[in-house]
Amino acid sequence: MTLDSTLIKVRVANIDCPERKQPFSKRAKQFTSQQVFDKEVKLEFLKKDRYGRHIGNVIYNDSLSLSKELLKNGLAWHYVKYSNDSTLQVLEDYARLNKVGLWQDSNAVPPWEWRSTKRKKK
């Protein structure tokens with residue numbers, strides 16, 4: 001919500017969290033809520049996607065990046081198709097190596113692949 005109470009839909013840049021019905025989906029949503037709910041956040045707007053959502057970096061507690069925190073906690077994939085931020089890949093690799101969060105499953109399916117298989121079944 002902006003200062004004038006306008007609600008804005010935001011897609012967190014450079015990462016992709018599990019889809020609903022995928023393992024760790026609820027945990028990623030809970031984590032995100034716990035981190036930013038009722039807090040002042042800064043949105044570093046990058047662009048709008050084809051659905052009209054704002055894509056950007058979400059900064060909270062003055063300096064924490066929601067993208068980085070989700071990756072560190074094993075609750076998202078670095079979305080390499082849309083990002084060339086090597087620091088994000090380092091965070092994902094570390095979580096994966098240490099089997100944090102969704103990386104406890106050695107066969108974790110990235111959301112973009114999961115969405116693709118769902119579309120093909122329709």
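Start by selecting D16 and R115: both residues are buried. This is a predicted model, and D16 and R115 form a salt bridge in it, with the closest N and O atoms 2.8 Å apart. The pair links distant parts of the chain, since D16 sits in strand β2 (residues 15-16) and R115 in helix α4 (residues 111-121), 99 residues apart.

Keep R115 selected and add E19. The side chains of E19 and R115 also meet in a salt bridge, at 2.5 Å from N to O. This pair too links distant parts of the chain: E19 lies in the loop between β2 and α1 (25-36), R115 in helix α4, and 96 residues separate them. E19 counts as partly exposed because its relative accessible area is 25%, and the cut-off for buried is under 20%.

Next, go to helix α2 (residues 66-72) and select E69 and K72. The two form a salt bridge whose closest N and O atoms are 3.0 Å apart. E69 and K72 are three residues apart in this helix, so about one helical turn separates them. E69 is buried, with a relative accessible area of 13%, whereas K72 is partly exposed at 41%. Now return to the earlier group and add R11: salt bridges that share partners join R11, D16, E19 and R115 into one network. In the whole structure, a search finds seven salt bridges. Side chains of opposite charge can pair when their charged atoms come close.

Now turn to the nonpolar interior. Select V12, I15, L66, L70, L71, L75 and A76; of the 13 residues in the largest nonpolar core, these touch the most other members. Colour the chain by element: α1, β4 (54-60), α2 and α3 (86-97) each give two or more residues to this core. Which element gives the largest share of the core? It is α2, with three residues. In soluble globular proteins, nonpolar side chains tend to be buried together.

Stay on I15 and show its surroundings. Leaving aside residues up to four places away in sequence, I15 touches S67, L70, L71, A76, W77 and Y79.

Move to S65, in strand β5 (residues 64-65). Is S65 buried or exposed? Its relative accessibility is 13%, so S65 counts as buried. With residues up to four places away in sequence not counted, S65 touches V58, I59 and Y60.

For the outside, switch on the surface and select V10, L43 and F45. These three make a nonpolar surface patch of about 230 Å². L43 belongs to strand β3 (residues 41-48) and is partly exposed, with a relative accessible area of 31%.

Finally, zoom out to the whole chain. The protein chain has four helices and six strands, and from the N terminus on its elements run β-β-α-β-β-β-α-β-α-α. Along the principal axes, the C-alpha atoms fill a box of roughly 45 × 35 × 25 Å. A compact globule with 122 residues would have a radius of gyration near 14 Å; the chain has 15 Å, which agrees. Of the 122 residues, 34% count as buried. The chain exposes about 8700 Å², and carbon and sulfur atoms supply 52% of that area. Among contacts between residues at least 6 apart in sequence, 58% join residues at least 24 apart.

Terms used:
Residues numbered from 1 in each chain as written. Predicted model: local features only at pLDDT ≥ 70, side-chain atom pairs only at ≥ 80, totals over all residues. Heavy atoms only, no water. Patch = residues over 30% accessible without salt bridge, like charges linked within 9 Å, V, L, I, M, F, W, Y side chains within 5 Å. Areas by Shrake-Rupley, 256 points an atom, 1.4 Å probe, with all protein chains shown as cover. Salt bridge = Lys/Arg side-chain N within 4 Å of Asp/Glu carboxyl O. Buried < 20%, exposed > 50% of the residue type's maximum accessible area, 1.4 Å probe, protein only. Contact = heavy atoms within 4.5 Å. Core = buried A, V, L, I, M, F, W, Y, C linked by side-chain atoms within 4.5 Å. Rg over C-alpha atoms; globule rule 2.2 N^0.38 Å.
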